[in-house]
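Subject: Structure handover

Hello,

Here is the structure you were expecting. Please open it first, then read on for what turned up.

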Amino acid sequence: MKAFAKVELEPGEKRKITFELEERDFSYYNTKYNRWVAETGFFQISLGSSSKDLRITERLHCDFGKEEITFHKFSLLSEWMSDPVAKKELEHRLNEMNKHVTDKVYLNEEFVGFWADFPMIKVFQMFGQQWMNERSPDEIINELIAKVNQARNE
């Protein structure tokens, strides 16, 4: 429940009631980012005399804009793919890796479809062993994050 008003009406009487919902009313606490997040999308709004007596239900689209992703060690491949700057830097890094490995990684539909919900660091660990002779997966991810941040600031 996000808003309510107790209104007494006579039989047949009508009254206009207005509720103003704010972005926070559509937010949830995202433990990955340790903050409240409101994601653009569809929400179901219901009105009634109680939660067991809902009389009106409508679908509402809210656009909260696209928030820039803050990347970290365990950011998912899907998150890297959803940000154009990050995707470009990731592709560059994978092309570099592919020069040194047998099992090459290409961000095609099949690969992304399977690996989208994996942290990118795990992808580097799985496919980049021959490439990371003198660097750790942590160093690779930190370099990639730094490149994304630098590209965003240019």
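Start at R135. R135 is partly exposed, because its relative accessible area is 25%, and partly exposed covers the range between 20% and 50%. Keep in mind that this is a predicted model.

**The salt-bridge network**

R135 has two partners to look at. One is E96: the two side chains form a salt bridge at 3.5 Å, N to O. R135 sits in the loop between α4 (120–127) and α5 (137–153), while E96 belongs to helix α2, so this pair ties together parts that are 39 residues apart in sequence. E96 is also partly exposed, with a relative accessible area of 25%.

The other partner is E143. Its side chain meets that of R135 in a salt bridge of 2.8 Å, N to O. E143 is partly exposed, at 30% relative accessible area.

Which residues make up the network? R93, E96, R135 and E143 are linked by salt bridges.

R93 deserves a separate look. R93 lies in helix α2, which spans residues 84–98. Is R93 buried or exposed? R93 is buried, because its relative accessible area is 6% and the cut-off for buried is under 20%. Leaving out residues up to four places away in sequence, R93 touches F124, W131, R135, I140, E143, L144 and K147.

**Another salt bridge**

The whole structure holds seven salt bridges. One of them joins the side chains of R55 and D53, at 2.6 Å, N to O. R55 counts as exposed, with 60% relative accessibility. D53 counts as partly exposed, at 28%.

**The nonpolar core**

The largest nonpolar core has 28 residues. Within this core, L77, W80, L90, M120 and F124 touch the most other members. The elements that give two or more residues to the core are α1 (77–82), α2, α3 (109–115), α4 and α5.

Take L90 as an example. Leaving out residues up to four places away in sequence, L90 touches L77, W80, L107, M120, F124 and L144. Two of these names have come up before: F124 and L144 are also among the contacts of R93.

**The largest pocket**

How much space lies in the largest pocket? The figure is about 1,000 Å³. The lining has 25 residues, and A3, F19, S46, L47 and G48 lie nearest the centre. Two elements give two or more residues to this lining: β3 (41–50) and β4 (53–62). β3 gives the most, with seven residues. Sorted by class, the lining has 15 nonpolar, six polar and four charged residues.

**One long distance**

Finally, look at E134. E134 is found in the loop between α4 and α5, and that loop also holds R135. E134 is exposed, with a relative accessible area of 78%. The C-alpha atoms of E134 and K16 are separated by 69 Å. Along the chain, the two residues are 118 residues apart.

**Where to look first**

If time is short, begin with the network of R93, E96, R135 and E143. Then turn to the core around L77, W80, L90, M120 and F124. After that, view the pocket from the side of β3, which gives seven residues to the lining.

Best wishes

Note on methods
Residues numbered from 1 in each chain as written. Predicted model: local features only at pLDDT ≥ 70, side-chain atom pairs only at ≥ 80, totals over all residues. Heavy atoms only, no water. Helix = DSSP H or I, 4+ residues; strand = E, 2+ residues; numbered from the N terminus. Buried < 20%, exposed > 50% of the residue type's maximum accessible area, 1.4 Å probe, protein only. Contact = heavy atoms within 4.5 Å. 1 Å grid on protein atoms, 1.4 Å probe; cavity = no way out; pocket = protein on both sides within 12 Å on 5 of 7 lines; lining within 4 Å. Points joined across faces, edges and corners; volume = space filled by probe spheres on them. Nonpolar A, V, L, I, M, F, W, Y, C, P; charged D, E, K, R; others polar. Salt bridge = Lys/Arg side-chain N within 4 Å of Asp/Glu carboxyl O. Core = buried A, V, L, I, M, F, W, Y, C linked by side-chain atoms within 4.5 Å.
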